[in-house]
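The exercises below are meant to be worked through with the sequence and the model side by side. Try each task before reading the solution that follows.

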Amino acid sequence: MRLNINADLGEGHGAWDIGDDAALLDVVASANIACGFHAGDPTVMRRTLEAAKLRGVSVGAHPGFPDLGGFGRRRIEMDPHELENAVAYQIGALTALATLVGVEVTHVKAHGALSNMAATRDDYAMAIGRAIRGVDPTLRYLALAGSAMERAAGELGLPLVREAFADRHYDDEGNLASRALAGTVIRDPAEAAARAVAMAREGAIVAMSGRRLPVAFDSLCVHGDEPTAVAVARACRKALEDAGVEIAPIPAFA
């Protein structure tokens, strides 16, 4: 079995750093880099791209809502065409800096509230997909498995990489449970690692209610902004490799 492990990185801004990107880049196979709307800035983006290049980690754009103050985790109503433009703008920003560094942008993954809304809203999922296709139709749409984003990738003919989460709980519909609920973020490395292996072996996720949901996925995410992110990522990778799972970058999929 082969899987990808990805993390959302480059989420500092100016003088402020969030997470230990350098340590995570030693663990993950792919990095989703914030593009300046919810986090990140040109210097942070370039620094993260250079660090990823040094380690052979594939890189993707991580667009979010224009919400620096809320870290992109506040739900925003946007006209789908306006959203399409915002996502294309962010992909373009990362692509320009990646060109300076000499690395290829391989995928796009929506951030935070944008991703949560696009998981259930076809108009948002399609807006993200149109932006990807318009900028570069070879970019992979890294999308929550079983979501409206997966359907949009299929409808638009985009290469798809399906994502699941080792460090988050799910609701009964297969969407990420709200962070407003206690315990929805898994910070215990042993628990996250056990979940990762079980998900890989069974091809399924288990919702907070205990309901088992069959899900086919290619990539597991670990959130880079959590204080326990490095320990969780290391534990997940070791457990998966001990279980015979090969860890590969996103270009190996779709």
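**Exercise 1.** In which helix is the place of Tyr-89? Decide also whether Tyr-89 counts as buried or exposed.

*Solution.* Bear in mind from the start that this is a predicted model. Begin with the secondary structure, where Tyr-89 falls within helix H3, the run of residues 80-101. Next take the relative accessibility of Tyr-89, which is 59%; since exposed means over 50%, Tyr-89 counts as exposed. Finally, place Tyr-89 against Glu-11, which lies 78 residues away along the chain, and the separation of their C-alpha atoms comes to 17 Å.

**Exercise 2.** Describe the protein chain as a whole, covering its secondary structure, its extent and its surface.

*Solution.* Start by counting elements, which gives eight helices and 10 strands in the protein chain. The radius of gyration is 16 Å, close to the 18 Å that the globule rule gives for 254 residues, so the protein chain is as compact as a globular protein of that length. Then look along the principal axes, where the C-alpha trace spans about 40 × 35 × 35 Å. Turning to the interior, buried residues account for 56% of the 254 residues, and of the contacts between residues at least 6 apart in sequence, 73% join residues at least 24 apart. At the surface, the protein chain exposes about 10300 Å², and 53% of that area is supplied by carbon and sulfur atoms. For the charges, there are 25 positive and 33 negative side chains, and the centres of these two sets lie 3 Å apart.

**Exercise 3.** How many of the five residues of strand S3 are buried, and with which residues is His-62 in contact?

*Solution.* Strand S3 covers residues 58-62, and five of the five are buried, so S3 is largely enclosed by the rest of the structure. Look next at the pairing, in which strand S2 (residues 30-34) and S3 run in the parallel sense over five bridges; within this pairing, Ile-33 has Ala-61 of S3 as its bridge partner. Now turn to His-62, which is also found in S3 and is buried, with a relative accessible area of 0%. Once neighbours within four places in sequence are left aside, the residues in contact with His-62 include Asp-8, Glu-11, Asn-32, Ile-33, Gln-90 and His-111. By contrast with these contacts, the C-alpha of Ala-216, 154 residues from His-62 in sequence, is 22 Å from that of His-62.

**Exercise 4.** What is the sign of phi in Phe-71, and where in the chain is Phe-71 found?

*Solution.* Recall that most residues other than glycine have a negative phi. Phe-71, however, has a phi near 55°, which is a positive value. As for its place, Phe-71 is found in the loop between S3 and H3, and with a relative accessible area of 15% Phe-71 is buried.

**Exercise 5.** Which residues of helix H4 are buried, and what covers the buried residues of H4?

*Solution.* Helix H4 spans residues 112-120, and seven of these nine residues are buried, so H4 is largely enclosed by the rest of the structure. The buried residues are Gly-112, Ala-113, Leu-114, Ser-115, Met-117, Ala-118 and Ala-119. Their cover includes H3, helix H5 (122-135), strand S5 (140-144) and helix H6 (148-156).

Note on methods: Residues numbered from 1 in each chain as written. Predicted model: local features only at pLDDT ≥ 70, side-chain atom pairs only at ≥ 80, totals over all residues. Heavy atoms only, no water. Helix = DSSP H or I, 4+ residues; strand = E, 2+ residues; numbered from the N terminus. Rg over C-alpha atoms; globule rule 2.2 N^0.38 Å. Buried < 20%, exposed > 50% of the residue type's maximum accessible area, 1.4 Å probe, protein only. Contact = heavy atoms within 4.5 Å. Areas by Shrake-Rupley, 256 points an atom, 1.4 Å probe, with all protein chains shown as cover. Lys, Arg positive; Asp, Glu negative; His and termini not counted. Charge placed at Lys NZ, Arg CZ, Asp CG, Glu CD. Pairing = 2+ DSSP bridges.
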